[in-house]
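Me: Could you walk me through this structure slowly? I would like to start with the strands and then move on to other parts.

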Amino acid sequence: MPWSDPGGRPPTTPADIAAGGPDIAQPAAGGADVVIREVRPSDAAGIVAVLNPIIATGAATTLTTALAEDDERRYIAGFPSRGLFVVAVADDGVIVGLQSVEPFDASTHAFDHVGVIGTFVDLGWRRRGVASRLFAATFAAAPGKGYEKLFTYIRADNAAGLTAYARRGFEVVGVARRHARIAGRYIDEVMVERFLVTS
Ligand SMILES: CC(C)(COP(=O)(O)OP(=O)(O)OC[C@H]1O[C@@H](n2cnc3c(N)ncnc32)[C@H](O)[C@@H]1OP(=O)(O)O)[C@@H](O)C(=O)NCCC(=O)NCCS
């Protein structure tokens, strides 16, 4: 891997994070040859081209409706200032992955230190380290936005998602049973979290 995170161990200090995080603009030294950079509104078409085929599979995600490019452009333009949103771009300029972090609940300051993370990699670019590159960039940047932990739900039938997050140091903290209902079928949602710093 282009950066070191043996066993998915969470970094324990800001210096640790800095050592483990990549220069956000550098391509991987191994694995997928992609550049990780902040999202732009003009990425909307590329992001929709990644997400809609994943949504169409009916697996892995709880998104159930294809996204429209204009809606995605507005979503990016209105993304929270405390959010993080990075994309992985192949050398031909095509977006092959994305990862975002948004405040857990902006209606109170009680959760200011908690971010909700989401990750998607193009169906044709899986198992090449793209998600790992995205995680590294996000882990390096998230403390600077005030985040101390990242949290998300993953479908219980999403083995790839559960494994990818576990490999990057996320721990299972609970299961919300029959939490999603997709195509008439109930699906459990696994809650995972990862601390970015220890106090
Ligand atoms: C989960 C997902 C983001 C992984 O992306 P990816 O680019 O293929 O992941 P990587 O190649 O960086 O692999 C990351 C780690 O997970 C492991 N992994 C990834 N997919 C796996 C699979 N299908 N089975 C077993 N392990 C898997 C890799 O081996 C790697 O482990 P390592 O660090 O020991 O090498 C991708 O499968 C995806 O977009 N899925 C649909 C959306 C989703 O499930 N998102 C997660 C919940 S928000």
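Me: Which way do β3 and β4 run, and how many bridges join them?

Reply: In this predicted model, β3 and β4 run antiparallel, and they are joined by 7 bridges. To pick out one of the pairs, glutamate 102 has valine 116 in β4 as its bridge partner.

Me: And what about β4 and β5, parallel or antiparallel?

Reply: Those two strands run parallel, with 3 bridges joining β4 to β5. Here valine 114 is matched with lysine 149, which is its bridge partner in β5.

Me: How does the chain cross from β4 to β5?

Reply: The chain goes through α4 on its way from β4 to β5, and the β-α-β crossover made in this way is right-handed.

Me: What pairs with β7, then?

Reply: One partner is β5, which pairs with β7 in the antiparallel sense over 7 bridges, and in this region leucine 150 stands opposite arginine 194 in β7. β6 also pairs with β7 in the antiparallel sense, over 8 bridges.

Me: Which residues face each other between β6 and β7?

Reply: I can give you two examples: glutamate 171 has glutamate 193 in β7 as its bridge partner, while valine 172 stands opposite valine 192 in β7. The two strands form a hairpin with 2 residues between them, and in the turn alanine 183 has a positive phi of about 50°.

Me: OK, zooming out: in what order do the strands lie in the sheet?

Reply: The sheet is open and has 7 strands in the order β1-β2-β3-β4-β5-β7-β6, with mixed pairing. At its edges are β1 (34-38) and β6 (171-182), each of which pairs on one side only. If you ignore direction, neighbouring strands are turned by 25° against each other on average.

Me: Which helix packs on that sheet, and which strands does it touch?

Reply: That is α4, covering residues 130-141, which packs on the sheet and touches β1, β2 (84-90), β3 (95-103) and β4 (114-121), while its direction makes about 145° with that of β2.

Me: Switching topic to the ligand: which residues come nearest to it?

Reply: There are 23 residues around the ligand, and those that come nearest are Ala131, Ser132, Ala160, Gly161 and Ala164. The elements giving two or more residues to this shell are β4, α4, β5 (149-155) and α5 (159-167).

Me: Which of those gives the most?

Reply: It is α5, which gives 6 residues to the shell around the ligand.

Me: And how do the residues of that shell divide by class?

Reply: The shell around the ligand has 10 nonpolar, 9 polar and 4 charged residues.

Me: Last one: at what angle do α2 and α3 pack?

Reply: Helix α2, residues 44-57, packs against helix α3, residues 69-77, at an angle of about 115°, and their axes are 8 Å apart. The crossing of α2 past α3 is right-handed.

Me: Which residues make that contact?

Reply: On the α2 side they are Ala44, Ala45, Ile47 and Val48, and on the α3 side Glu69, Glu72, Arg73 and Ile76. Sorted by class, this contact of α2 with α3 has 5 nonpolar and 3 charged residues, and no polar ones.

Terms used
Residues numbered from 1 in each chain as written. Predicted model: local features only at pLDDT ≥ 70, side-chain atom pairs only at ≥ 80, totals over all residues. Axes fitted to C-alpha atoms, helices over the stretch in contact; angles between N-to-C directions. Helix = DSSP H or I, 4+ residues; strand = E, 2+ residues; numbered from the N terminus. Left-handed = near helix turned anticlockwise from the far one by under 90°. Contact = placed C-beta atoms within 7 Å. Nonpolar A, V, L, I, M, F, W, Y, C, P; charged D, E, K, R; others polar. Pairing = 2+ DSSP bridges. Near = placed C-beta within 6 Å. Right-handed = clockwise from strand over helix to strand, strands pointing away.
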